Amino acid sequence: MFWGSDNHCAQAWSRQYMSAVFYGNEEQKKLALKTRDRAAARVGRPITTEVLPLGTFYLAEDYHQKYRLRSRRDLMREFQAMYPNDADFVNSTAAARVNGFLGGNGSATLLDKEIDSYGLSPEGTARLRELAKRKW
């Protein structure tokens, strides 16, 4: 799924925005390299995404968290009412799921199954359905 979700052949314009796959053990490393090489063969170009050992992980700045959701003011108003503290918003599973659907991840069936658990108003629910449908 990862290798099909982005342009992994492009060079990052900055290290902080680079694409990377992190592994925690040798089995994960082998799997990451194998799937990377398979994706490269499929697209016919080398993949520049780095495969690196997992080290200390730092969250990006708050304004980078749930980026697609943050760009939807109508939905963000609802999430800010639910999570006035930004750290709670960043850690929200509901916000992560909505952000994923806004990015084109997930299916209509999955959204239908989960949407009532996100805490959105009827208007917010309708808006999310509309926006997600554009991605499918």
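The protein chain here has seven helices and two strands. This is a predicted model, so please take everything I say as computed from it. Reading from the N terminus, the order of elements is β-α-β-α-α-α-α-α-α.

Overall dimensions next. The C-alpha trace spans about 45 × 30 × 30 Å along its principal axes. The chain has 136 residues, and 29% of them are buried. About 9,400 Å² of the chain is exposed, with 51% of that area supplied by carbon and sulfur atoms. On charges, there are 21 positive and 16 negative, and their mean positions lie 7 Å apart.

Now contacts. Take the pairs at least 6 apart in sequence: 61% of those contacts join residues at least 24 apart.

On to the interior. Which residues have the most contacts inside the largest nonpolar core? They are Leu 69, Phe 79, Val 98, Tyr 118 and Leu 128, in a core of 18 residues. Four helices each supply at least two residues of this core: H3 (73-82), H4 (86-90), H5 (93-102) and H7 (122-135). The largest share is from H5, with five residues.

Phe 79 is worth a look on the screen. Leaving out neighbours within four places in sequence, Phe 79 is in contact with Leu 69, Phe 89, Ala 94, Ala 95, Val 98, Tyr 118 and Leu 120. Of that list, Leu 69, Val 98 and Tyr 118 were also named a moment ago for their contacts inside the core.

Finally, there is a second core, separate from the one just described. That second core has eight residues, including Val 21, Ala 40, Ile 47 and Val 51.

Methods. Residues are numbered from 1 along each chain as its sequence is written. This is a predicted model: local features need pLDDT of at least 70, side-chain atom pairs count only at pLDDT 80 or more; totals for chains, interfaces and linings use all residues. Side-chain values use heavy atoms; hydrogens and water are left out. Buried means under 20% relative accessible area, exposed over 50%, partly exposed in between (1.4 Å probe, protein chains only). Contact means heavy atoms within 4.5 Å. Accessible areas come from the Shrake-Rupley method with a 1.4 Å probe; for residues, only the protein chains shown count as cover. Lys and Arg count as positive and Asp and Glu as negative; His and the chain ends are not counted. The place of a charge is taken as NZ of Lys, CZ of Arg, CG of Asp or CD of Glu. A nonpolar core is a set of buried Ala, Val, Leu, Ile, Met, Phe, Trp, Tyr and Cys residues joined through side-chain atoms within 4.5 Å.
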